[in-house]
2 protein chains.
Amino acid sequence: MTTTHAQTGAEPLPAAGSADLADAIELLGLVAQLEHMAFVRLAADSALAPTIEQRLELSRFASAAVARRDRVLARIGEIGGDPVAAVRPYDGVLDDFDARTPPSSWWERLLKAYVGYGVADDFCRLAAEGLDEESRTLVLEVLDDASHAELAVAELDAAGSKDGVLTARLALWGRRLVGEALGVVQRLLVQHPALVRLVALGSAGPQAAPANAPSKLFGELTAQHTRRMSRLGLTA
Amino acid sequence: MTTTHAQTGAEPLPAAGSADLADAIELLGLVAQLEHMAFVRLAADSALAPTIEQRLELSRFASAAVARRDRVLARIGEIGGDPVAAVRPYDGVLDDFDARTPPSSWWERLLKAYVGYGVADDFCRLAAEGLDEESRTLVLEVLDDASHAELAVAELDAAGSKDGVLTARLALWGRRLVGEALGVVQRLLVQHPALVRLVALGSAGPQAAPANAPSKLFGELTAQHTRRMSRLGLTA
């Protein structure tokens, strides 16, 4: 267990049996960073979107990501963490992923947002099972905002149903995205043992050995990905 | 006078003597577009900012620009306009300006936001004098959010006071920016006679001839620019 966290007595603290505070802060920092990156991405999407209506709507989604990120940063402060310090270790966490998966069209960009970053969100959702109740509820609420996913599904569905070649190319693109995204999760687990502990705490109760948690985790992430692709009528 | 506007009887309408509704919608569309571009720019600044603290803060400014833009779009709807149609004529209105003034450093970028886009804001403020009271109040409120300007002033001031070479280069950059920005205003007036009518309505009361309004306008915009530069300790 790490011992670097500072507790402030007046704030709601995790119940016994749930994650160490420093571990909780480490996951919350990741969630905040992912929401911040969602903001950056949605803002760039807004600048690139083909119609004014989409540009307006995407800018509202970007704003909503800022609000969600700030809720998570506020929670970090509440349980005694430093919000900026919590986010710092994840600076550039998706740079490698982004460099390896440059979308070559608006559709590839949409699918990347829905499928690629969806894996990171699923990972945080699973790790959140190991958090104290208040932090867990917050993380699940924050990650549950599906408005952008709905837009992506609707647009991809409309485009794909008219175009067999596009569907085949997007299915291939989806497979590349999930492979790279699972690689990101793998690196996160290596670099942040706190996240491994949270996943182990959250998975299958106390009898599950922490060592088994990662393979179970990757199985779950792959299953979620398959579900997401089939919602779009694409083969995973 | 243009006659393309649709009035909806239940909404607050401009008082007699103030601008034609279609003219008002034309200015509100410009203000909404400028706020939307402020969002795009602040979001890009957030992605480029050197520190995490600045990235977080700039993303909040970007969100605030979305909220301000949406207030203006709502007003367009209230007085019977179509928000998306009102914004459309200004699509790409600053593309030329941006292509001619690519900032070569973080400081040049900050100064561009403060000085370059400041001219556009000042122009809207002056034209807003010709609007009905409710629309005018809204435009002045929306353009009054100075939080980003404060940040720019503080940072440029801190950087410039330590570095004479930077100060000299930024003064030069400011002169280029204002020249190009006044060119944008000139093109706006040529392409949107409604804006000329609003400026004339707003300036110096009924005895001022509309034909004189533009030269008075450019005098005011230049004076505002000089004030802004001297706040930074830069020669205009």
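Let's start where the two chains meet: between chain B and chain A there are 4 salt bridges. Keep in mind that this is a predicted model, so each value here is computed from its atoms. Side chains of opposite charge can pair when their charged atoms come close. A good one to find on screen is B:Arg55 with A:Asp91, whose closest N and O atoms are 2.8 Å apart. Across the contact between chain B and chain A you will also find 7 residue pairs in polar contact, with both partners at pLDDT 80 or more.

Which helices of chain B build the side that touches chain A? Three of them, α1 (21-48), α2 (52-78) and α3 (83-87), each supply at least two residues to that side. The most comes from α2(B), with 12 residues. By character, the residues on this side of chain B divide into 11 nonpolar, 4 polar and 7 charged.

Now step back and look at the contact as a whole. It takes 22 residues from chain B and 22 residues from chain A. The area buried between chain B and chain A is about 1900 Å², and carbon and sulfur atoms give 64% of it.

How are the two chains placed relative to each other? Two copies of a chain are related by a rotation about an axis and a shift along it. Here, a turn of 180° with a shift of 0.0 Å along the axis lays chain B on chain A with an RMSD of 0.0 Å. That is the relation of a two-fold axis. The same surface serves both copies, as 100% of the contact residues of chain B recur in chain A. If you would like a landmark for the axis, try B:Ser63: among the residues of chain B, B:Ser63 comes closest to the rotation axis, with its C-alpha at 2.4 Å.

Finally, let's look inside a single chain. Searching the whole structure gives 34 salt bridges over all chains. One of the pairs within chain A joins A:Arg197 to A:Asp23, with the closest N and O atoms 2.7 Å apart. A:Arg197 lies in helix α9 (residues 193-202) and A:Asp23 in helix α1 (residues 21-48) of chain A, so this pair ties together parts that are 174 residues apart in sequence.

Aromatic rings pair up too, with 2 aromatic pairs over all chains. A:Phe97 and A:Tyr117 form an edge-to-face pair, 5.7 Å centre to centre with 75° between the planes. Because A:Phe97 sits in helix α4 (residues 95-100) and A:Tyr117 in helix α5 (residues 106-128) of chain A, the pair ties together parts that are 20 residues apart in sequence.

Definitions and conventions. Residues are numbered from 1 along each chain as its sequence is written. Chains are lettered from A and ligands numbered from 1 in the order in which they are written. This is a predicted model: local features need pLDDT of at least 70, side-chain atom pairs count only at pLDDT 80 or more; totals for chains, interfaces and linings use all residues. Side-chain values use heavy atoms; hydrogens and water are left out. Copies are superposed by least squares on the C-alpha atoms of residues with pLDDT of at least 70 in both. Contact means heavy atoms within 4.5 Å. Buried area is the accessible area (1.4 Å probe) that two parts lose on being put together, summed over both. A salt bridge is a side-chain nitrogen of Lys or Arg within 4 Å of a carboxyl oxygen of Asp or Glu. A polar contact is a pair of N or O atoms within 3.5 Å; within protein, one must be able to donate a hydrogen and the other to accept it, and residues adjacent in sequence count only if both atoms are side-chain atoms. Helices (H or I, at least four residues) and strands (E, at least two) are DSSP runs, numbered from the N terminus. Ala, Val, Leu, Ile, Met, Phe, Trp, Tyr, Cys and Pro count as nonpolar, Asp, Glu, Lys and Arg as charged, and the others, Gly among them, as polar. Rings of Phe, Tyr and Trp (its six-membered ring) pair if their centres lie within 6.5 Å; planes under 30 degrees apart count as stacked, over 60 as edge-to-face and the rest as tilted.
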